[in-house]
Amino acid sequence: MSVDHSHHIENPNATTPPPRVELIGSVPTPPMPESSEAMTIHVTLPPGSAGSPPHRHTGPAFGYVVEGEMIFELEGEPERVVRAGETFWEPGGDVIHYQDGNNLADARSRFVVTMFGVPDQPMLIPVSAEELEERKSRRAPRP
């Protein structure tokens, strides 16, 4: 077992097999709001759902796709498909989260996200059409 990211210690008194721990994602900690709260949400996207409209988060978000496939796009990055068993993250703050839709037309997709945000602020802050137009040069080219 590697010392890095060790999430299991031997239990000499155990009479059952040890837990299986597998690292599925790791990123350096991005800046956090000075006063923040953590929240974990579970999102279910119906078949073909476009997901949330473009928005921001007040702090970073770390997620895991439980089922299906999600189209994920952040400002400055090309859209990509995140499949069940894969992780995603975003720094929050000024970065626009353009897409989190279901990539499947015939099945639901589900993901779990833990977000760190400013207390008493909305979890999703919509971005206006005017601002999207002003910042369109920051969006990666469309496929």
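Is Glu133 buried, partly exposed or exposed? In this predicted model, Glu133 is partly exposed, because its relative accessible area is 46% and the class of exposed residues begins over 50%. Its side chain meets that of Lys136 in a salt bridge, with 2.8 Å from N to O, and Lys136, at 53% relative accessibility, counts as exposed.

**The sheet**

Four strands form an open sheet in the order S1-S8-S3-S6, and their pairing is antiparallel. The edges of this sheet are strand S1, which covers residues 37-45, and strand S6, which covers residues 87-90, and each of these two pairs on one side only. On average, neighbouring strands of the sheet are turned by 20° against each other, when direction is ignored.

Strand S3, made of residues 61-67, pairs in the antiparallel sense with strand S8, made of residues 109-117, and six bridges join the two. One of the residues to look for here is Ala61, whose bridge partner in S8 is Met115. S3 also pairs with S6, again in the antiparallel sense, and this pairing runs over four bridges. Tyr64 is a useful residue for following both pairings, since it stands opposite Val112 in S8 and has Thr87 as its bridge partner in S6.

**Aromatic rings**

The structure holds four aromatic pairs. In one of them, the ring centres of Phe62 and Trp89 lie 5.9 Å apart and the ring planes meet at 10°, so this pair is stacked. Because Phe62 belongs to strand S3 and Trp89 to strand S6, the pair ties together parts of the chain that are 27 residues apart in sequence. Both rings belong to residues that count as partly exposed, with a relative accessibility of 25% for Phe62 and 30% for Trp89.

The pair formed by Phe72 and Phe88 has its ring centres 5.0 Å apart and its planes at 45°, so it is tilted. Phe72 lies in strand S4 (residues 69-74) and Phe88 in strand S6, so this pair ties together parts that are 16 residues apart in sequence. Here the residues count as buried, with a relative accessibility of 1% for Phe72 and 6% for Phe88.

Ring pairs also link Phe62 and Trp89 with Phe116 into a cluster. Elsewhere, a charged residue meets a ring, as Arg139 lies over the face of Tyr98, at 4.1 Å from the ring centre.

**Salt bridges**

The count of salt bridges comes to twelve, and the table gives some of them.

| Residues | Closest N and O atoms |
|---|---|
| Arg20 and Glu22 | 3.7 Å |
| Arg108 and Glu67 | 3.0 Å |
| Lys136 and Glu133 | 2.8 Å |

The salt bridge between Arg108 and Glu67 links distant parts of the chain, for Arg108 sits in the loop between strand S7 (97-102) and S8, while Glu67 sits in strand S3, 41 residues apart. Arg108 has a relative accessible area of 41% and is therefore partly exposed, and Glu67, at 26% relative accessibility, also counts as partly exposed. In the salt bridge of Arg20 with Glu22, both residues are exposed.

Which residues are linked in a network of salt bridges? The network is made up of Arg56, Glu75, Asp94, Glu131, Arg135 and Arg138.

How values were computed:
Residues numbered from 1 in each chain as written. Predicted model: local features only at pLDDT ≥ 70, side-chain atom pairs only at ≥ 80, totals over all residues. Heavy atoms only, no water. Pairing = 2+ DSSP bridges. Axes fitted to C-alpha atoms, helices over the stretch in contact; angles between N-to-C directions. Phe/Tyr/Trp six-rings, centres within 6.5 Å; stacked < 30°, edge-to-face > 60°. Buried < 20%, exposed > 50% of the residue type's maximum accessible area, 1.4 Å probe, protein only. Lys NZ or Arg CZ within 6 Å of the ring centre and 35° of its normal. Salt bridge = Lys/Arg side-chain N within 4 Å of Asp/Glu carboxyl O.
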